[in-house]
Amino acid sequence: MNSVNDCKIINLHKIHNLAGNIVSLENIKNIPFEVKRIYYLYDVPMGSERGGHGHYELEQFIIAASGSFTFIIDDGMNKKEFFLNNPSKALYIKSGMWREIKNFSSGSICMVLASHKYQESDYIREYKEYLKYKNDTPLI
Ligand code: TYD
């Protein structure tokens with residue numbers, strides 16, 4: 001069973017160029033899972049809060065492709081806050097985490113590389129249900 005301490009910021013290799021930088025991501029090579037889906041949030045109105053759900057299996061790589069926002073990761077016991085504002089850094093979210101997203105800057109783009117295709121059955125939409133899932137799941 002993962003904890004918030006297993007979720008971390010990963011520095012991505014940046015190909016630096018005076019005419020603009022490149023970050024290249026490849027399955028397995030620099031992403032610790034096989035990417036099955038990519039999606040991004042954009043045009044998020046100022047003050048909006050997103051997320052507010054858990055996932056059973058999904059692992060994600062979150063990149064602030066533009067602008068900034070804050071992820072709050074919660075494992076039912078502890079919470080950890082990650083401010084993302086750099087396209088050459090990714091937040092790696094392990095399976096079994098609850099997440100909230102807030103403080104989107106104007107024009108921000110939250111790009112997500114995901115380990116699974118979209119499946120509503122992988123979501124836990126109620127926090128009470130999430131806590132029950134965490135409490136019912138053995139630590140090993
Ligand atoms: P959701 O993941 O709840 O949004 P967020 O965590 O960003 O607040 O998704 C919002 C809606 O979009 C929900 O109805 C499901 C749908 N959706 C898809 O159809 N495919 C996807 O890949 C994602 C991420 C969401």
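**Exercises on strand pairing and overall build**

In this predicted model, strand 7 (residues 69-74) and strand 10 (residues 98-102) run antiparallel and are joined by five bridges.

**Exercise 1.** Work out which residue of strand 10 is the bridge partner of D74, and then place strands 7 and 10 within their sheet.

*Solution.* Begin with the residue pair: D74 has W98 as its bridge partner in strand 10. Next, read the order of the open sheet, which is built from five strands arranged 8-7-10-5-12 with antiparallel pairing; in that order, strand 7 stands between strands 8 and 10, while strand 10 stands between strands 7 and 5. Finally, turn to the edges, where strand 8 (79-84) and strand 12 (123-124) each have a single partner strand, so that one side of each is left without a neighbour in the sheet.

**Exercise 2.** List the secondary-structure elements of the chain and state where the helix falls in their succession.

*Solution.* The count gives twelve strands and one helix. Following the chain from the N terminus, the strands come in succession and the helix stands at the end of the series.

**Exercise 3.** Why does the radius of gyration of the chain agree with that of a compact globule?

*Solution.* For 140 residues, a compact globule would have a radius of gyration near 14 Å, and the chain has 15 Å, which agrees. As further description, the C-alpha trace spans about 55 × 35 × 25 Å along its principal axes, and 37% of the 140 residues count as buried, that is, under 20% relative accessible area. Of the contacts between residues at least 6 apart in sequence, 79% join residues at least 24 apart.

Conventions: Residues numbered from 1 in each chain as written. Predicted model: local features only at pLDDT ≥ 70, side-chain atom pairs only at ≥ 80, totals over all residues. Heavy atoms only, no water. Helix = DSSP H or I, 4+ residues; strand = E, 2+ residues; numbered from the N terminus. Rg over C-alpha atoms; globule rule 2.2 N^0.38 Å. Buried < 20%, exposed > 50% of the residue type's maximum accessible area, 1.4 Å probe, protein only. Contact = heavy atoms within 4.5 Å. Pairing = 2+ DSSP bridges.
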